[in-house]
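This report walks through one protein model for a reader who has not seen it before. The sequence and the structure come first, and the description follows.

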Amino acid sequence: MALKMKDLVALSGESKSTILYYLKEGLLPEPQKPKPNVHLYDESCVERIRLIKYLQEHFGYAIAEIKHIFANNRFDFDGDFDTIIRSLEMIGSGKRTKRYDRATFLEKSGIDEATLDTYLKAGYLFTQGGSFGEQELETVKILQDAKRLGLDFSLIDAYVESARLLAQKENEIGA
């Protein structure tokens with residue numbers, strides 16, 4: 001059964017612009033075009049979108065990494081989604097997958113709300129889907145060690161600003 005864009009949006013829970021972006025990036029198969037201005041999408045697109053969202057939220061994969069996974073592995077998108085996830089967990093075992101909500105992250109990191117907000121505002125930490133990962137825990141440990149040692153954060157601030165500018169350039173070039 002083929003789906004119109006509005007059906008794909010409703011079934012996947014993603015916006016039209018996100019779906020079009022996934023199409024542009026080659027993450028979804030091109031739709032059938034039986035007549036002008038009629039695009040029909042394969043039902044497998046719903047599972048593909050679910051998988052893309054899962055990879056981003058649970059594994060922290062970027063679009064380029066997901067493209068690589070799709071290009072180098074064969075998935076039956078008409079099959080069981082859980083089987084695909086189990087396979088990807090084995091493939092991506094090197095990726096950090098543990099995620100923490102804000103309260104758990106504060107408890108695990110040993111910092112308070114104000115410090116967390118300061119680190120987020122400074123660009124030292126990032127959330128992904130509102131959660132924090134192991135990398136953010138390691139970053140807090142480094143920041144807290146630097147703070148205890150009385151180190152100057154100007155080098156860290158310069159690094160963050162450089163990374164921000166680089167990311168901005170990458171986005172401009174990618175767009």
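## Overall composition

Accessible areas here come from the Shrake-Rupley method with a 1.4 Å probe. On that basis, the accessible surface of the protein comes to about 11,400 Å², and carbon and sulfur atoms hold 53% of this area. The model is a predicted one. The protein has 175 residues, of which 34% count as buried.

Nine helices and five strands make up the secondary structure. Along the sequence they follow the pattern β-α-α-β-β-α-α-α-β-α-α-β-α-α. Among the contacts in the protein with a separation of 6 or more, 58% are between residues 24 or more positions apart.

## The three-stranded sheet

Three strands form an open sheet in the order β1-β3-β2, and their pairing is antiparallel. Strands β1 (2-3) and β2 stand at the edges with a single partner strand each, so one side of each has no neighbour in the sheet. In general, strands of a sheet pair through backbone hydrogen bonds, in either a parallel or an antiparallel way.

Strand β2 covers residues 32-35 and strand β3 covers residues 38-42; the two pair in the antiparallel sense over two bridges. In one of the pairs, Q32 stands opposite L40 of β3. In another, K35 has V38 of β3 as its bridge partner.

## The hairpin turn

What joins β2 to β3? The two strands form a hairpin, with two residues between them. One residue of the turn is N37, found in the loop between β2 and β3. The phi of N37 is near 65°, a positive value in a residue other than glycine.

Is N37 buried or exposed? Its relative accessibility is 77%, and therefore N37 counts as exposed.

## L3 in the edge strand

Residue L3 is found in strand β1. L3 counts as buried because its relative accessibility is 2%, and the cut-off for buried is under 20%.

Which residues touch L3, leaving aside its neighbours within four places in sequence? They are L8, L11, H39, L40, Y41, D42, E43 and V46. L40, one of these contacts, is also the residue of β3 that stands opposite Q32. V46, another of the contacts, is 43 residues from L3 in sequence, while the C-alpha atoms of the two are 9.6 Å apart in space.

## S12 in helix α1

Helix α1 spans residues 5-12, and S12 is found in this helix. The relative accessibility of S12 is 6%, so S12 counts as buried.

The side chain of S12 reaches the backbone nitrogen of E14 at 3.2 Å. Leaving aside neighbours within four places in sequence, S12 is in contact with I19, I49 and K53.

## Two nonpolar cores

In soluble globular proteins, nonpolar side chains tend to be buried together. In this model the largest nonpolar core has 22 residues, and the members that touch the most others are L8, Y22, L27, L28, L55, I66 and F70. Helices α1, α2 (16-24), α3 (44-59) and α4 (63-72) are the elements that give two or more residues to this core. Helix α3 gives the most, with eight residues.

I66 is one of the core members named above. Not counting residues up to four places away in sequence, I66 touches L27, I52, L55, Q56 and Y61. A second, separate core has 15 residues, including F105, Y119, V140 and A146.

## Helix α7 and its two faces

Helix α7 covers residues 113-122, and T115, L116 and Y119 in this helix are buried. Seen down the axis of α7, the buried residues fall within an arc of 100°, so they line one face of the helix. Y119 is also one of the residues in the second core.

What covers the buried residues of α7? The cover includes α6 (102-109), β5 (132-133) and α8 (134-148). On the face turned away from the buried side, α7 carries the exposed residues A114 and K121. After α7 comes G123, whose phi is positive, near 85°.

Key
Residues numbered from 1 in each chain as written. Predicted model: local features only at pLDDT ≥ 70, side-chain atom pairs only at ≥ 80, totals over all residues. Heavy atoms only, no water. Helix = DSSP H or I, 4+ residues; strand = E, 2+ residues; numbered from the N terminus. Buried < 20%, exposed > 50% of the residue type's maximum accessible area, 1.4 Å probe, protein only. Polar contact = N/O pair within 3.5 Å; in protein donor to acceptor, adjacent residues only side chain to side chain. Contact = heavy atoms within 4.5 Å. Pairing = 2+ DSSP bridges. Arc of directions from axis to C-beta. Core = buried A, V, L, I, M, F, W, Y, C linked by side-chain atoms within 4.5 Å.
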